[in-house]
Structures are given as structure tokens and as C-alpha cells.
Amino acid sequence: MAETSCLFCKFATGEIQVELIAQNDGAVAFADINPQASIHLLIIPKQHFENVGELATSAADLQAVMQLARQAAELSKISDTGYRLVFNTGADAGQTVFHAHGHLLGGRSLQWPPG
Ligand code: AMP
Ligand code: ZN
């Protein structure tokens with residue numbers, strides 16, 4: 001179910017237009033508005049889940065997100081060079097949007113550990 005006040009639900013339903021990089025039955029991918037690498041996409045389930053822990057309760061939606069991340073990495077030509085898929089979850093991780101989303105980052109050498 002879409003949450004009426006959730007920005008990413010509005011992206012997923014098309015109520016607010018965003019350029020989609022890719023989509024499948026259960027997930028959509030679009031560019032992060034504040035990119036942290038030359039490739040920085042957000043992969044979100046179409047259904048509303050607050051975070052990746054909640055997303056993990058639905059095998060079909062979790063699979064849709066992970067498969068779309070793989071496809072988006074291929075489309076972005078970072079499958080071979082490498083990429084990071086990050087799900088910030090909760091306050092200590094700095095989650096600011098409470099609709100589950102994976103950050104797909106690539107196109108440069110990424111530091112580890114993150115800050
Ligand atoms: P997080 O801090 O993990 O919750 O990440 C939220 C991400 O959503 C940030 O990287 C923001 O730059 C991104 N974001 C917020 N608003 C928008 C928007 N309107 N379009 C695209 N990305 C957005
Ligand atoms: Zn939502």
C-alpha cells in the first residue's frame with residue numbers, strides 16, 4: 001500500500017514524475033538527487049516498506065529490488081568495475097527517507113570503511 005505522505009511512494013506510483021532508469025514488477029530505479037559518485041541510483045520497492053528490514057519480510061519484493069539493482073548495475077556498466085549497494089537503516093546509519101531504498105554506487109573507487 002502507498003503511504004499518502006511518502007515521497008518515494010509517489011515516485012513509485014507515478015503521482016510525482018521521476019525519470020526511471022529501470023523497473024520491474026516490484027521495484028523502480030532512479031537517480032539520487034544528490035549523487036555521491038558518478039553512478040548513484042536509488043532502487044526502491046513499489047510497495048511501501050519503512051526500511052530494508054521490513055522489506056525482508058516480503059520475499060517477492062526483496063527479490064524484485066535485488067534483481068533490479070543487478071540490472072541497473074549492468075545498464076550503468078559498473079557490473080565489471082564494481083559497485084556498492086547500501087541500505088541505510090535507522091538513525092545511526094543516517095536514514096532520512098523512510099521508504100526502503102538501496103543506494104547503488106559506482107563509477108569510482110569507493111572508500112572502506114564508510115564514515
Ligand atoms: P538515506 O539517507 O539513506 O535515507 O537516503 C535518502 C536519499 O534520497 C539521499 O541520498 C537523497 O539525496 C535522496 N533523495 C531525497 N529526495 C530525493 C528526490 N526528490 N529525488 C531523488 N533522490 C532524493
Ligand atoms: Zn513509501
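Leaving aside neighbours within four places in sequence, which residues is Gln-95 in contact with? Keep that for the third stop. The model is predicted.

**Stop 1: the zinc ion**

Select ligand 2, the zinc ion, and show its protein donors. They are Cys-6 (SG), Cys-9 (SG), His-48 (ND1) and His-99 (ND1). Their distances from the zinc ion run from 2.0 to 2.3 Å. Now check the angles. The four donor atoms subtend 106 to 114 degrees around the zinc ion, so the arrangement is tetrahedral. Along the sequence, the donor residues follow the spacing C-x2-C-x38-H-x50-H.

Pick out Cys-9 and His-48 as a pair. They link distant parts of the chain, 39 residues apart. Cys-9 sits in helix α1 (residues 7-13). His-48 sits in the loop between β3 (39-45) and α2 (52-55). Stay on Cys-9 for a moment and colour by accessibility. Cys-9 has a relative accessibility of 2%, so this residue counts as buried.

**Stop 2: ligand 1**

Move to ligand 1 and display its surroundings. There are 16 residues around this ligand. Those that come nearest are Asp-32, Asn-88, Thr-96, His-101 and His-103.

Next, turn on distances to the oxygen atoms of ligand 1. Three are worth labelling:

- Asn-88: a polar side-chain atom is 2.9 Å from an oxygen atom of ligand 1.
- Gly-94: a backbone N or O atom is 3.0 Å from an oxygen atom of ligand 1.
- His-101: a side-chain N or O atom is 3.0 Å from an oxygen atom of ligand 1.

Then switch to a surface view. On its own, ligand 1 has 500 Å² of accessible area, and the protein covers 80% of that.

**Stop 3: Gln-95**

Select Gln-95, in the loop between β4 and β5. Is this residue buried or exposed? The relative accessible area of Gln-95 is 7%, so it is buried.

Here is the reply to the opening question. With neighbours within four places set aside, Gln-95 is in contact with Glu-50, Asn-51, Asn-88, Thr-89 and Gly-90. Asn-88 was also on the list of residues nearest ligand 1.

Show the side chain of Gln-95 and look at what its polar atoms meet. One polar atom of this side chain is 3.0 Å from the backbone oxygen of Glu-50. The backbone nitrogen of Gly-90 is 2.9 Å from a polar atom of the Gln-95 side chain.

**Stop 4: His-40**

Go to strand β3 and select His-40. His-40 has 6% relative accessibility and therefore counts as buried. Which side chain does the side chain of His-40 make a polar contact with? The partner is the side chain of His-103, at 2.8 Å. His-103 is also among the residues that come nearest to ligand 1.

Expand the selection around His-40. Beyond residues up to four places away in sequence, His-40 touches Ala-31, Asp-32, Asn-34, Pro-35, His-103, Leu-104 and Leu-105.

**Stop 5: Leu-55**

Select Leu-55 in helix α2. Its relative accessible area is 0%, so Leu-55 is buried. Show the contacts, again without neighbours within four places in sequence. Leu-55 is in contact with Pro-45, Phe-49, Asp-61, Leu-62, Val-65 and Ala-100. For a distance check, draw a line to Leu-85. The two C-alpha atoms are 15 Å apart in space, with their positions 30 residues apart in sequence.

**Stop 6: two backbone features**

Select Lys-77, in the loop between α3 (59-75) and β4 (83-86). Read off its phi. The value is positive, about 60 degrees, although Lys-77 is not a glycine. With 69% relative accessibility, Lys-77 counts as exposed because the cut-off for exposed is over 50%.

Now select Trp-112 and Pro-113. A cis peptide bond joins them, with omega about 0 degrees. Pro-113 lies in the segment after β5 (102-106).

**Last stop: Leu-110**

Stay in the segment after β5 and select Leu-110. Its relative accessible area is 22%, so Leu-110 is partly exposed. Outside residues up to four places away in sequence, Leu-110 touches Arg-84 and Leu-105. Leu-105 also appeared among the residues touched by His-40. Finish with a C-alpha distance. Leu-110 and Gly-82 are 28 residues apart along the chain, and their C-alpha atoms are separated by 9.3 Å.

Note on methods. Residues are numbered from 1 along each chain as its sequence is written. Chains are lettered from A and ligands numbered from 1 in the order in which they are written. This is a predicted model: local features need pLDDT of at least 70, side-chain atom pairs count only at pLDDT 80 or more; totals for chains, interfaces and linings use all residues. Side-chain values use heavy atoms; hydrogens and water are left out. Donors are N, O and S atoms within 2.8 Å of the metal (3.2 Å for Na, K and Ca); water is not among the atoms, so sites may look incomplete. Four donors count as tetrahedral if all angles lie between 85 and 135 degrees; four count as square planar and six as octahedral if opposite donors are over 155 degrees apart and all others between 65 and 115; anything else is irregular. Helices (H or I, at least four residues) and strands (E, at least two) are DSSP runs, numbered from the N terminus. Buried means under 20% relative accessible area, exposed over 50%, partly exposed in between (1.4 Å probe, protein chains only). A residue is near a molecule or strand if one of its heavy atoms lies within 4 Å of it. A polar contact is a pair of N or O atoms within 3.5 Å; within protein, one must be able to donate a hydrogen and the other to accept it, and residues adjacent in sequence count only if both atoms are side-chain atoms. Accessible areas come from the Shrake-Rupley method with a 1.4 Å probe; for residues, only the protein chains shown count as cover. Contact means heavy atoms within 4.5 Å.
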